[in-house]
Amino acid sequence: MIFITGASGGVGSLVLEYAVAQNLPVRAGSRDPTKSAVKSKVKAVEWIKFDYNDPYSSSFAACLHGVDKMFLYNGPNADKIVSEAKHAGVKLIVFMSTSLVTSETASNIGAAHAAVEKVIQESGIDFVFLRGCEYMKNEMRLIPMVKAGHVFTIYLKSRGLYVHERDVAEVGIAALTRSDLIGTAPILTGWRYRTEEIVELISQRIGKEIPVTEISEEIAVEGMKKHGVSEEIYREIFEMKRRWVTEEVLRKSDDVERILGRPPRASGGVGSLVLEYAVAQGLSVRAGSRDPTKSAEKSKIKTIEWVKFDFDDPSTFADSLRGVEKVFLYNGANSDKFVTEAKNAGVKLIVFMSSLFVNLETESFVGSVHESVEKNIKNAGIDWVFLRGCEYMKNEMRLIPMVKNGHVFTVYPKSKGLYVHERDIAEVAVTAFTRPELVGAAPVLTGWKYNTEDVVGVIEKRIGKVIPVTEISEEVAGEEMKKFGLPERMFREVFAVKRRAMSEEIFKKSDDIEKILGKPPRTFEDWLEEKVYYFL
């Protein structure tokens, strides 16, 4: 059993989410367990009252009964809970520490966490200390200023290290499940940003210019006091930001990549993301793969059944569909046979990954292929949702070798197209499984308009490297497409669309993602943060 402190917010809630996804037995601690249980999207856990400030009524002993591993945040009475953990027989504590423990200069924040680290070490309990840097979520402090149209901050040229809370949470789960990490203290860093750069990303994302003005420490102090931040802490933060203007106080670490086997926030294709979101919502899932054994070993999600499924081998269809009520379907060979088999198996709903090319007014090879599958599903009498997506942002992975070589060559670099983040598609797909009002709908899933020059510009800014872009002919580009095995009819159609888009708006941006998910679609900047490692 794993006990997670702070399970109702921040990193703790994400550790809880990933633990449940991996089918780990967990107990979640919160000041108000009833309220937290209602609010949490993760339902298959035991919630218990836990309050650092009240070790008696929240009963540390009750929280730790039967627990052998614990994810621990710092707080008052940390020494008491470590003592109680030893008494309860806890074998491992994963402690959410801070990289300031390693600071060469005096740090009150670092010292407080170092003291807890010492208590844990002296207790004799196995440990992993996660020494994180500044969380990206801390920039939510900018929300009221962004809404007011002007950001005020100290030391706007100060460049700090930020880490995504999901990376911290995933490393936390790795620490709870991998014996090779015991006794280590990984430094969890993401990427460097100045406040100016963060505000510029926000400006680009919301289409609103937001000026940034530097203010003095004295003025900033008043804001800190309003939020109840102690003087000891905010003075140390000011000192750190002052030093970050001229020196590298904390160094970027590769521990996140080393432990997770991928750069910060890397992700897979749409299918794997649908799987991730479905499991996170507690849906019963079966996953199909040509090699289910290999896929099960590689997948970070352990709570699902993997079965052999191959579009080229219709004999795999029946077993894949046995007992299935809903299907997420990609297009592939023998789709017509699969739909027939789905009807025979009693499938009630198919969410089909279609294409925006179905909406083209002119003849389209890509569109006709997907439209044919849509018609088969309709004719089968099975309920359906057709997700008509535009170009995936992941397609820009094609630029990696050219970016690394320092020069991008492409057809029609000024041709603007609509791109969509794979995570948005996956979230809409899982939503389609659970919301009956979407049955019979064909939402158009578009993100934002970019041309290749725009995309390369975002990459340039992110990696700090100038990358010229040169236009090439369709003939030269076609030869490259053939090397990747793409059918000539398909890439010629793509070229024709890009050519037309130079002078006309072929596809219009849709607000269907925002209507369905209640939030705007992710940007290319968001996508790049998950993939930037590959471009370096």
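**Figure 1. N451 caps the N-terminal end of helix α19 in this predicted model.** A side-chain oxygen of N451 lies 3.0 Å from the backbone nitrogen of E453. Helix α19 comprises the twelve residues 452–463. At 1.5 Å a residue, α19 should span 16 Å, and its end C-alpha atoms are 16 Å apart, which agrees. Just after α19, G464 adopts a positive phi of about 65°.

**Figure 2. The buried residues of α19 are on the same side of the helix.** T452, V455, V456, V458, I459, R462 and I463 are the buried residues of α19. These residues cover an arc of only 155° around the axis, which places them on the same side of α19.

**Figure 3. A salt bridge connects K416 with D454 of helix α19.** The closest N and O atoms of K416 and D454 are 2.5 Å apart. K416 lies in the loop between β19 (408–410) and β20 (417–420), whereas D454 belongs to helix α19, so the pair ties together parts that are 38 residues apart in sequence. Both partners are partly exposed: K416 has a relative accessible area of 38%, and D454 has one of 27%.

**Figure 4. The side chains of R27 and E46 form a salt bridge between strands β2 and β3.** The N to O distance in this salt bridge is 3.0 Å. R27 is located in strand β2 (residues 26–30) and E46 in strand β3 (residues 46–49); the two residues are 19 residues apart, and the pair links distant parts of the chain. R27 is buried, with a relative accessible area of 7%, because the limit for a buried residue is under 20%. E46, by contrast, is partly exposed, with a relative accessible area of 36%.

**Figure 5. T98 is a buried residue of strand β5.** Strand β5 consists of residues 92–98. The relative accessibility of T98 is 9%, so T98 counts as buried. A polar atom of the T98 side chain lies 3.1 Å from the backbone nitrogen of L100. Not counting residues up to four places away in sequence, T98 touches I109, G110, H113, L130, R131 and G132.

**Figure 6. Strands β7, β9 and β11 form an open sheet with mixed pairing.** The order of the three strands in the sheet is β7-β9-β11. β7 (134–135) and β11 (191–194) stand at the edges, each with a single partner strand, so one side of each is left without a neighbour in the sheet. Strand β9 (residues 159–163) runs antiparallel to β11 and is joined to it by four bridges. Within this part of the sheet, Y162 stands opposite W191 in β11.

**Figure 7. D511 and K515 meet through their side chains in a salt bridge.** The N to O distance between D511 and K515 is 3.6 Å. D511 counts as partly exposed at 41% relative accessibility, while K515 counts as exposed at 59%. Elsewhere, salt bridges that share partners join D424, E427, K519 and R522 into one network. A search of the whole structure finds 21 salt bridges.

How values were computed:
Residues are numbered from 1 along each chain as its sequence is written. This is a predicted model: local features need pLDDT of at least 70, side-chain atom pairs count only at pLDDT 80 or more; totals for chains, interfaces and linings use all residues. Side-chain values use heavy atoms; hydrogens and water are left out. The expected span of a helix is 1.5 Å times one less than its number of residues. Buried means under 20% relative accessible area, exposed over 50%, partly exposed in between (1.4 Å probe, protein chains only). The arc is that of the directions from the helix axis to the C-beta atoms. A polar contact is a pair of N or O atoms within 3.5 Å; within protein, one must be able to donate a hydrogen and the other to accept it, and residues adjacent in sequence count only if both atoms are side-chain atoms. Contact means heavy atoms within 4.5 Å. Two strands pair if DSSP finds at least two bridges between them. A salt bridge is a side-chain nitrogen of Lys or Arg within 4 Å of a carboxyl oxygen of Asp or Glu.
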